[in-house]
Amino acid sequence: MYLIGSGQQDDPGLEDEMALAFLPALARMAVCGGTHGNELSGVYVVQEMERQQKEKGEGAWPIPVTTVLSNPRAVKECRRYIDTDMNRCFNRATLSSPITESSPYEVRRAQELNNLLGPKGSTDATDMICDLHNTTSNMGLTLIHYTSSDWVSLHICRYLQTKITKVPVRVLVLDFPINDAYNLESVSKHGFTLEIGPQPHGVVRADIYIIMKEAVDLTIDWIHKFNSGTVFEGGDVEAFKFIKSVDYPRDPEARTLTASIHPQLQDRDFCLLKQGDPLFFTFSGKTVKYEEEETLHPFFINEAAYYEKGIAFHLAKKLTLTIPAVQVQKD
Amino acid sequence: MSSRTNISCLQEAKRVAIFGGTHGNEMSGITLVNMWIQNSAEIERNGLVIKPFISSPRAVEKCTRYIDTDLNRAFTPENLSSPDAEGLPYEVQRAKEINRMFGPKGSSDAYDVIFDLHNTTSNMGSTLILESSTDLFNLQMVHYIKKAIAPHTCSVLLNEHPQLKYSTTRSVAKHPIGLEVGPQPQGVLRSNVFESMRTILKHALDFIELFNSGVEFPPCTVDVFRVQERMDYPRDTNGNITAMVHPHLQDCDWEPLNRGDPMFLTFDGRTILYEGANTVYPTFINEAAYYEKQQAFMTTCREILAANAIRKACK
């Protein structure tokens with residue numbers, strides 16, 4: 001049984017494991033680095049790709065790839081952002097807000113990027129955005145997408161999982177409606193955030209850079225194979241779905257921290273968190289435990305940029321997504 | 001049996017300060033000092049005045065290393081003697097204030113001991129930083145701390161290099177000690193790093209209390225790493241780095257680096273080797289704050305310093 005679909009989960013006939021979905025070719029891809037100016041792997045991967053493009057011209061990659069330094073001012077100052085977090089600026093409300101003298105730099109830039117790589121939600125939007133990020137959390141390689149219903153992105157995630165073995169490769173879905181999705185990768189038709197850690201902000205580690213470069217090269221590789229007619233078999237993809245955030249224990253008046261992530265939770269992103277497991281270790285030596293009954297998976301544990309957002313870690317539920325086999329639609 | 005002529009009698013160390021937040025994004029020291037400002041019970045010792053102090057409150061508020069200029073390089077004679085004026089960089093103003101409160105640097109009124117608490121993104125573990133190879137009080141304190149924390153270890157970095165030595169916040173005191181613990185990303189508080197720093201300070205204060213009470217500390221030796229050279233990243237003509245610390249060198253602080261060992265990896269995959277004639281011991285490998293200071297790592301050489309027995313001078 002054959003399907004011609006948009007690549008969405010709610011297309012009919014998905015229950016049939018032999019179903020093959022025909023999807024349009026991915027003509028244009030963008031690799032974005034420096035969306036946060038102090039997350040350096042992406043900055044240097046983009047820089048290196050630009051150098052390769054100058055050197056080899058059209059032949060640099062088998063498909064057309066645009067490289068973008070998303071937040072040049074923040075990159076120059078090696079800061080996460082100048083006025084506001086740019087990776088929260090791509091929801092419909094912010095993208096359509098009128099620009100005035102007092103508009104934050106990142107809001108202007110987000111609208112520029114939406115014009116360059118979007119417009120988000122339209123048929124003119126770039127087919128694939130790979131947005132490169134680092135985290136201080138021990139998350140290995142985590143592919144983040146705003147929706148769980150994009151088969152192309154999930155296929156690429158699966159492909160990376162089979163090819164990259166040096167670090168764990170996981171899939172995280174946020175399940176936001178497209179208008180609410182606020183991150184850069186939601187501008188394109190398919191896409192994801194490539195999040196790699198642990199790496200301190202303001203530092204480039206060679207081992208992390210190498211993995212990020214490999215992930216980008218493999219993504220280009222998959223798209224080229226797909227566009228050339230390769231059938232990618234369907235099946236199950238294990239994914240984590242964001243449920244909620246947990247803040248640090250704080251002093252009720254001063255709002256200052258009274259504890260840090262417990263040593264038994266530190267660096268254990270995506271582990272199984274059960275009732276009674278340690279979460280925080282207070283400065284006065286007490287352990288704060290996970291009290292809820294539901295077993296969940298913590299991630300973004302002790303991310304530097306999240307202290308100001310009131311987040312010690314996020315919690316996710318593990319689930320299985322089923323994707324059909326896919327092949328490029330012939331004209 | 002110790003010859004009485006080999007004991008150095010030193011002045012009592014009555015006034016001690018603990019500085020956190022010299023860099024506003026190095027969280028262990030900031031958290032400890034704020035905690036002790038709220039409740040000083042843990043740091044109180046008989047006969048000692050101990051002042052926990054946030055060096056750079058504006059930088060701490062913004063969780064940034066500095067506002068205008070690096071405070072930990074700002075305690076130069078020029079800065080400290082500059083007249084009060086509008087438009088002085090924040091950290092220069094702050095340096096002058098700190099010099100008034102805890103100095104003046106070089107005078108007999110200065111604080112006896114200042115501990116300056118830092119974190120690094122480098123894999124340096126716990127490191128005590130000395131500025132003089134002849135400060136017997138500091139050498140004996142470091143020796144005491146190392147014994148007290150065993151089997152945990154602590155490295156000792158000696159920066160006495162005429163060009164590479166810099167005017168630190170703690171240099172205002174008669175006995176300055178830097179305490180650097182890593183690896184920890186900027187803006188992050190790791191429990192293990194926090195507790196290591198806390199434990200080292202506990203032993204340091206115990207030492208000072210014992211010394212002030214008249215205890216004699218026998219002669220000792222201290223293994224140190226003496227700063228040799230600053231090694232920068234390879235850069236292009238625009239000053240941008242063209243390579244990263246090599247994976248084989250990354251996280252290998254204090255381990256020998258020999259001629260022919262990999263040192264850097266270019267972004268397009270080429271290895272650059274260390275060409276120095278002698279074995280060196282690199283440290284501060286891939287510290288975030290040092291990219292702008294043209295430093296990928298520092299080389300050191302190993303040395304053993306000897307310290308006489310010490311005892312508090314009789315009045």
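**Exercise 1: the fold of chain A**

How many helices and strands does the secondary structure of chain A come to? Work that out, then check the chain's overall build in this predicted model.

*Solution.*
Step 1. Go through the secondary structure of chain A and you get six helices and 15 strands.
Step 2. Now try the radius of gyration: a compact globule with 331 residues would come out near 20 Å, and chain A has 20 Å, so the two agree.
Step 3. For the outer dimensions, the C-alpha atoms of chain A fill a box of roughly 65 × 50 × 40 Å along the principal axes.
Step 4. Look inside: 57% of the 331 residues in chain A are buried.
Step 5. Take the contacts in chain A with a separation of 6 or more; residues 24 or more positions apart account for 72% of them.

**Exercise 2: the fold of chain B**

Do the same job for chain B: describe its secondary structure and its radius of gyration.

*Solution.*
Step 1. Chain B comes to six helices and 14 strands.
Step 2. For 315 residues the globule rule gives 20 Å, and the radius of gyration of chain B is 20 Å, so chain B is as compact as a globular protein of that length.
Step 3. The C-alpha trace of chain B spans about 65 × 55 × 35 Å along its principal axes.
Step 4. Of the 315 residues in chain B, 57% are buried.
Step 5. Among contacts in chain B between residues at least 6 apart in sequence, 76% join residues at least 24 apart.

**Exercise 3: surface and charge**

Find out what each chain shows on the outside, and how far apart the centres of its positive and negative side chains lie.

*Solution.*
Step 1. Chain A exposes about 13800 Å², with carbon and sulfur atoms supplying 50% of that.
Step 2. Chain B exposes about 13300 Å², and here carbon and sulfur atoms supply 49%.
Step 3. Count charges in chain A: there are 33 positive and 44 negative side chains, and the centres of the two sets lie 4 Å apart.
Step 4. In chain B there are 31 positive and 36 negative charges, with mean positions 6 Å apart.

**Exercise 4: the annotated domains**

Use the UniProt domain records to pick out stretches of each chain, then describe the helix and strand content there.

*Solution.*
Step 1. An unreviewed UniProt entry lists residues 27-217 of chain A as "domain: Succinylglutamate desuccinylase/Aspartoacylase catalytic". Over residues 27-217, chain A is 34% helix and 19% strand, and the end C-alpha atoms are 16 Å apart.
Step 2. For residues 236-318 of chain A, the unreviewed UniProt entry gives "domain: AstE/AspA barrel-sandwich hybrid". Residues 236-318 of chain A are 0% helix and 37% strand, and the end C-alpha atoms are 13 Å apart.
Step 3. In chain B, an unreviewed UniProt entry lists "domain: AstE/AspA barrel-sandwich hybrid" for residues 221-300. Residues 221-300 of chain B come out at 0% helix and 36% strand, with the end C-alpha atoms 18 Å apart.

**Exercise 5: an annotated residue**

Is A:Glu195 buried or exposed? Place it in the chain and list what it touches.

*Solution.*
Step 1. Start with the record: an unreviewed UniProt entry gives A:Glu195 the annotation "active site".
Step 2. A:Glu195 is found in strand S8 of chain A, residues 190-197.
Step 3. The relative accessibility of A:Glu195 is 6%, so A:Glu195 counts as buried; the cut-off for buried is under 20%.
Step 4. Leave out residues up to four places away in sequence, and the residues A:Glu195 touches include A:His133, A:Asn134, A:Thr142 and A:Phe300.

**Exercise 6: three more residues**

Compare the settings of A:Ser70, A:Thr67 and B:Glu160.

*Solution.*
Step 1. A:Ser70 lies in the loop between strand S4 (65-69) and helix H2 (72-77) of chain A. A:Ser70 is buried, at a relative accessible area of 0%. Among the residues it touches beyond four places in sequence are A:Cys32, A:Arg109 and A:Asp131.
Step 2. A:Thr67 is in strand S4 of chain A, and at 14% relative accessibility A:Thr67 counts as buried. A:Thr67 and A:Glu50 are 17 residues apart in sequence, yet 6.8 Å apart in space, C-alpha to C-alpha. A:Glu50 is also one of the residues that A:Thr67 touches.
Step 3. B:Glu160 sits in the loop between strand S6 (155-158) and strand S7 (175-182) of chain B. With a relative accessible area of 26%, B:Glu160 is partly exposed. Its contacts outside four places in sequence include B:Lys165 and B:Arg226. B:Glu160 and B:Gln228 are 68 residues apart in sequence and 9.2 Å apart in space, C-alpha to C-alpha.

Note on methods
Residues numbered from 1 in each chain as written. Chains lettered and ligands numbered in written order. Predicted model: local features only at pLDDT ≥ 70, side-chain atom pairs only at ≥ 80, totals over all residues. Heavy atoms only, no water. Helix = DSSP H or I, 4+ residues; strand = E, 2+ residues; numbered from the N terminus. Rg over C-alpha atoms; globule rule 2.2 N^0.38 Å. Buried < 20%, exposed > 50% of the residue type's maximum accessible area, 1.4 Å probe, protein only. Contact = heavy atoms within 4.5 Å. Areas by Shrake-Rupley, 256 points an atom, 1.4 Å probe, with all protein chains shown as cover. Lys, Arg positive; Asp, Glu negative; His and termini not counted. Charge placed at Lys NZ, Arg CZ, Asp CG, Glu CD. UniProt positions renumbered as here; feature names shortened; annotations may be inferred.
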